[in-house]
Amino acid sequence: MNLRDLEYLVALQEQKHFRKAAEKCFVSQPTLSGQIAKLEEELGLLLIERTSRKVIFTHAGDELAAKARVILLEVKGLKDMAKSFQAPMAGPLHVGLIPTVAPYLLPKIVPHIRSEFSEMELFLYEEQTNVLLQRLEEGELDCLLLAYLPEMDRFGAIDLFDEPLMLAMPSNHKWQQQNEVELSELSGEQVLMLEDGHCLRDQAMGYCFAAGAKEDTSFKATSLETLRHMVAAGMGITLLPQLAIPDTEEQSGICYRRFSSPEPSRRISLLYRNNSVRRPCFNQLAKLIQQHSALS
């Protein structure tokens, strides 16, 4: 038995498909299948039931795969610990970001990361919050950059900045002449929202519902850029995070206005596993982001 065998077992449990598990492990399907069979022989246990349609894990297989996942995470921790002693800002760093942060924050910080931490190999992954949290917990990602929510308190967090949510409306809207908008003015208004799964949707809806606004249920956007285009087409109003607001705030049929105090906002944080040994790296990364995000 070796660590690679455990990786095959964990991948197969996640994918429930030999070909997909082999692709994830970058090996051929016969190789993965053969090693799983050898592992079963060595342990003297049937780990999976093989059918023509799907892979079914036995109770023993599920228990061993869960333990294998813990072992692989501990091994990764040992490797990370060694790297952190050698050079905290060197080597691979796998960072996950939510879609409402990634396209707007990355252009501001990636050039500085490459310049200041030239020995770092940066790998970036854009996923929705629930997927990122799972991948962080399972050790696939080192840290996350996302909007902090109370249920994330099982992880370590470094607060980066508070980002205001601004009102985006068609340029001919009745509030266009106002410098600021009271949140209470949204009462009775229909607001365009992102689709389910985006944490920004829940945060924006919380503010809008508290103000008496309603969601426009005729359309749900897959991205902030889709929301922007819908507003430009005169289809309604929405809330956008400040990082997504262009430098020229009046353009393409849209105008943007801040809300008067207290304005709605979200907290952007760097999330990591509590037992991660790469905290010195995260501290340096957080400091860089705070310096160059223009919002901290």
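Helices here are DSSP runs of H or I with at least four residues, numbered from the N terminus. The model is predicted.

Me: In which helix does leucine 43 lie, and which residues make a nonpolar surface patch with Leu43?
Reply: Leucine 43 lies in helix 3, residues 29-43. Its relative accessibility is 31%, so leucine 43 counts as partly exposed. The nonpolar surface patch covers about 260 Å², and Leu43 shares it with Met1 and Leu45.

Me: How are helix 5 and helix 9 oriented to each other?
Reply: The axes of helix 5 (residues 102-116) and helix 9 (residues 279-292) come within 10 Å and cross at roughly 125°. Angles from 65 to 115 degrees count as roughly perpendicular and those over 145 as roughly antiparallel. Helix 5 and helix 9 are therefore oblique.

Me: Is arginine 201, which forms a salt bridge with glutamate 215, buried or exposed?
Reply: The closest N and O atoms of arginine 201 and glutamate 215 are 2.8 Å apart. Arginine 201 lies in helix 7 and glutamate 215 in strand 9, so the pair ties together parts 14 residues apart in sequence. Buried means under 20% relative accessible area. Arginine 201 has 7%, so this residue is buried.

Me: Which residue forms a salt bridge with lysine 24?
Reply: Lysine 24 is in helix 2 (residues 18-25), and its partner is in helix 1 (residues 3-15), 10 residues apart. At 36% relative accessibility, lysine 24 counts as partly exposed. The closest N and O atoms are 2.4 Å apart, and the partner is glutamate 14.

Notes: Residues are numbered from 1 along each chain as its sequence is written. This is a predicted model: local features need pLDDT of at least 70, side-chain atom pairs count only at pLDDT 80 or more; totals for chains, interfaces and linings use all residues. Side-chain values use heavy atoms; hydrogens and water are left out. Patches are made of residues with over 30% relative accessible area and no salt bridge: like charges are joined within 9 Å, nonpolar side chains (Val, Leu, Ile, Met, Phe, Trp, Tyr) within 5 Å. Accessible areas come from the Shrake-Rupley method with a 1.4 Å probe; for residues, only the protein chains shown count as cover. A salt bridge is a side-chain nitrogen of Lys or Arg within 4 Å of a carboxyl oxygen of Asp or Glu. Helices (H or I, at least four residues) and strands (E, at least two) are DSSP runs, numbered from the N terminus. Buried means under 20% relative accessible area, exposed over 50%, partly exposed in between (1.4 Å probe, protein chains only). Axes are lines fitted to C-alpha atoms, for helices over the stretch in contact, and angles run from 0 to 180 degrees between N-to-C directions. Angles under 35 degrees count as roughly parallel, over 145 as roughly antiparallel, 65 to 115 as roughly perpendicular and the rest as oblique.
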